[in-house]
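User: Could you give me a close look at one part of this model and walk me through how its pieces fit together? I am in my first year, so please explain the terms as you go.

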Amino acid sequence: MSIQKIPEKNTVLFEWFNQYAGILLKTPTKTIAVDPVDIKPKTLQKIDAILVTHEHYDHLDPPLIAEIQKQTNCIVIADSASAKKIRHLVPPDKLKETKPGTEIKIDEVSIKTEKCSHPAEAPVTYIITSEDGVKVYHTADSLPFPELALMGQKEKFDVVFCTVGIAPSSTPQTGFEIARLTKPQVAIPYHTASKASQAEFADLLKKELPRTVCLIPERNKIYQVSKRSEKT
Ligand SMILES: [Zn+2]
């Protein structure tokens, strides 16, 4: 699992690498892995940052993070509950504990932490803005919450990842509700092993939110998304 190609200007590349919220994201200068689990550490040879959204087993695997961190020397950004679980495994200058409202910069790439509606200890979601201003919202396995509407208006997301299954109370409808509130250019149904859930999400989107494109990802395939034109 790796993305060799360098994204063109105003685009990012991504890959969904497990049935949960595992996303590898590449901007023109940085590579970021969100919630790595169920992968071999060797497959992540060159990354700049790992982001962890919460401490559940399908999002946080401490020994895996320790190994990836050691072999890449990347930084690890984590919510406070996850940070506690990996504190003894990651050098202190490489571990950045985060909470909603915090922005962390990796050179020109910005990572903003937002809240998350999910029954975990201190779960978070991440808005990743590339050096070209491509905005990707990784909503972990959040359920919809009202503040998403304002965030959508303010941020004008290019891509939003929407959980459609596996997590408590998550369905294609709750995933669709995240898309409806945030109104991205491209909405991506993930966190599921069911193609039927993804198709149901796509149907809802087509009916209720025709201006948002639904991208149904296959695992371990690379996709490109561009910045929406109305922003420039
Ligand atoms: Zn999950």
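Analyst: Let's begin with Y137, whose bridge partner in β11 is V160. This is a predicted model, where local features need pLDDT of at least 70 and side-chain atom pairs count only at pLDDT 80 or more, while totals for chains, interfaces and linings use all residues. Residues are numbered from 1 along each chain as its sequence is written, and side-chain values use heavy atoms, with hydrogens and water left out.

Strand β11 covers residues 159–163 and runs parallel to β10, with 3 bridges joining them. (Strands are DSSP runs of E with at least two residues, helices are runs of H or I with at least four, and both are numbered from the N terminus; two strands pair if DSSP finds at least two bridges between them.)

Now step back to the whole sheet. It is open, has 7 strands with mixed pairing, and follows the order β7-β8-β9-β10-β11-β12-β13. Because β7 and β13 (213–214) each have a single partner strand, they stand at the edges, and one side of each is left without a neighbour in the sheet.

At the β7 edge, β7 and β8 pair in the antiparallel sense over 4 bridges. One of these links I106 with V109 in β8. The hairpin of these two strands has 2 residues between them, and D107 takes a positive phi near 50° there. Strand β7 (residues 103–106) also has two faces: I104 and I106 are on the covered one, and E103 and K105 are on the uncovered one. That fits a general pattern: in a regular strand the side chains alternate between the two faces of the sheet.

Next comes helix α3, residues 147–155, with the buried residues L148, M151, G152 and E155. These four lie on the same side of α3, because they cover an arc of only 100° around the axis. (Buried means under 20% relative accessible area, exposed over 50% and partly exposed in between, using a 1.4 Å probe and protein chains only; the arc is that of the directions from the helix axis to the C-beta atoms.) In general, an α-helix has 3.6 residues a turn, so residues three or four places apart point the same way.

What covers this buried side? The cover includes β8 (109–115), β9 (124–129), β10 (135–138) and α4 (172–182), where contact means heavy atoms within 4.5 Å. On the face turned away from the buried side, α3 carries the exposed residues L150, Q153 and K154. Just after the helix, K156 takes a positive phi of about 50°.
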